[in-house]
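Good morning, colleagues. Please look at the sequence and the structure on the screen, and I shall then speak about salt bridges and internal space.

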Amino acid sequence: MTVAAPYAATPRLADTHMARALELAERGLYTTDPNPRVGCVVVRDGRVLGEGWHAKAGEPHAEVMALRSIAGEARGATAYVTLEPCSHTGRTPPCADALIAAGIAHVVCAVTDPNPQVNGTGIERLRAAGIEVTIGTGADAARAQNAGFFSRFERGRPFIRLKLAMSLDARTTPAGGGQAWITGEAARADVQTWRARSSAVVTGAGTVRIDDPRLDVRLAYGPWIRQPLRVVLDPELSCSAAARIYDGDAALIFAAAGAAGEAGARAAEPELFDGRIPIARVPRAPRGLALPAVIERLTRLQANELLVECGPRLAAAFLEADLVDELIIYVGPKFLGADAAPLAALAGLAAAGVRRFKFREQCLIGDDLRLILTPQRG
């Protein structure tokens, strides 16, 4: 794509070019996992020459796509990139080398890559080739766009969202049990976007048995459909292989290690799960399974963002373990009554010990209210 515009090279317009690069990166929001979302804009003499973005893991990166769009006209130009150009060979060659070969004179980079295979070496390679490199333009937005990617390399775990839906009286399931929609179709469609951007969707065995959810993505977004890994925490292997969440191959079960009768359970696994669904054994915990062990395993699977959709017990376990980076709550305009299940099964000192959250965003989705909260740090 080539766009002509009479821009002068000013700090304000550098922000404008980076904002466009971030906008391009957003096009890979649902498809680049486990890679980061990256955009690139190439500019010379105030004119935008070309643009590119990383569309899918294994496909060319943003810088290469931008250079391809201008067919060798990049010499002396400036490249605005939302993440440090890579310096290693993975499924694609190094982007730093592509920029050097194209004759780029200046690279404006939003933020350095936290991946230890890169982490400054791309910038060093560019500077060694005589290319001027500026770092920091649009850094906060670039980090937020790839919060899970940065979290995985900097904190050693994915970015975790806990999604819940509740009535006006903060209840989730009718007292008599069974499935009941709390929110409307617009809110349920909105949830699809959170699933689509996630590496994995996590739920508990109780939710699978009661609601029999699919927890898959039913969206059309570009030429690729990427289903997140569907993860079930099932300490006793109590769910049926006929559960809809196990349709297809993108599923994983976490079960308790050292469980009573484990040998019998293992013998039944191929029959119970049709020999298709991998089982990972982790230690037990008071609320079922040791969540740090679950998260560690998913981190090794290169999960950047996790979406937890679950019942009150598992929600409480994630909150108590301080493993919630973002809380998404949909509020339906109805009442379920005092005997209905709560939003999270927290009680007494357990509730008092959970970190305080702050409201970041409130908006109407159809007839329902969506709240987004983040934990208060420090």
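Does Arg218 count as buried or as partly exposed? With a relative accessibility of 44%, Arg218 counts as partly exposed. I should state at once that this is a predicted model.

Arg218 pairs with Asp216 in a salt bridge, and the closest N and O atoms are 2.3 Å apart. Asp216, in contrast, is buried, because its relative accessibility of 14% falls under 20%.

Across the whole structure, the search finds 23 salt bridges. One of them joins Arg125 to Asp97, with 3.0 Å between the closest N and O atoms. This pair links distant parts of the chain: Arg125 belongs to helix H4 and Asp97 to helix H3, 28 residues apart. Both partners are partly exposed, Arg125 at 32% and Asp97 at 33%.

A further salt bridge brings together the side chains of Arg155 and Asp325, at 2.9 Å from N to O. Arg155 sits in the loop between helix H6 and strand S6, and Asp325 in the loop between helix H11 and strand S15, so the pair ties together parts 170 residues apart in sequence. Here Arg155 is partly exposed at 42%, whereas Asp325 is buried at 5%.

I turn finally to the internal space. The count comes to 1 cavity of 30 Å³ or more, and the largest cavity holds about 40 Å³. Its lining comprises 2 nonpolar, 5 polar and 3 charged residues; among them are Asp33, Arg37, Phe149 and Glu305.

Thank you for your attention.

Notes: Residues numbered from 1 in each chain as written. Predicted model: local features only at pLDDT ≥ 70, side-chain atom pairs only at ≥ 80, totals over all residues. Heavy atoms only, no water. 1 Å grid on protein atoms, 1.4 Å probe; cavity = no way out; pocket = protein on both sides within 12 Å on 5 of 7 lines; lining within 4 Å. Points joined across faces, edges and corners; volume = space filled by probe spheres on them. Nonpolar A, V, L, I, M, F, W, Y, C, P; charged D, E, K, R; others polar. Salt bridge = Lys/Arg side-chain N within 4 Å of Asp/Glu carboxyl O. Helix = DSSP H or I, 4+ residues; strand = E, 2+ residues; numbered from the N terminus. Buried < 20%, exposed > 50% of the residue type's maximum accessible area, 1.4 Å probe, protein only.
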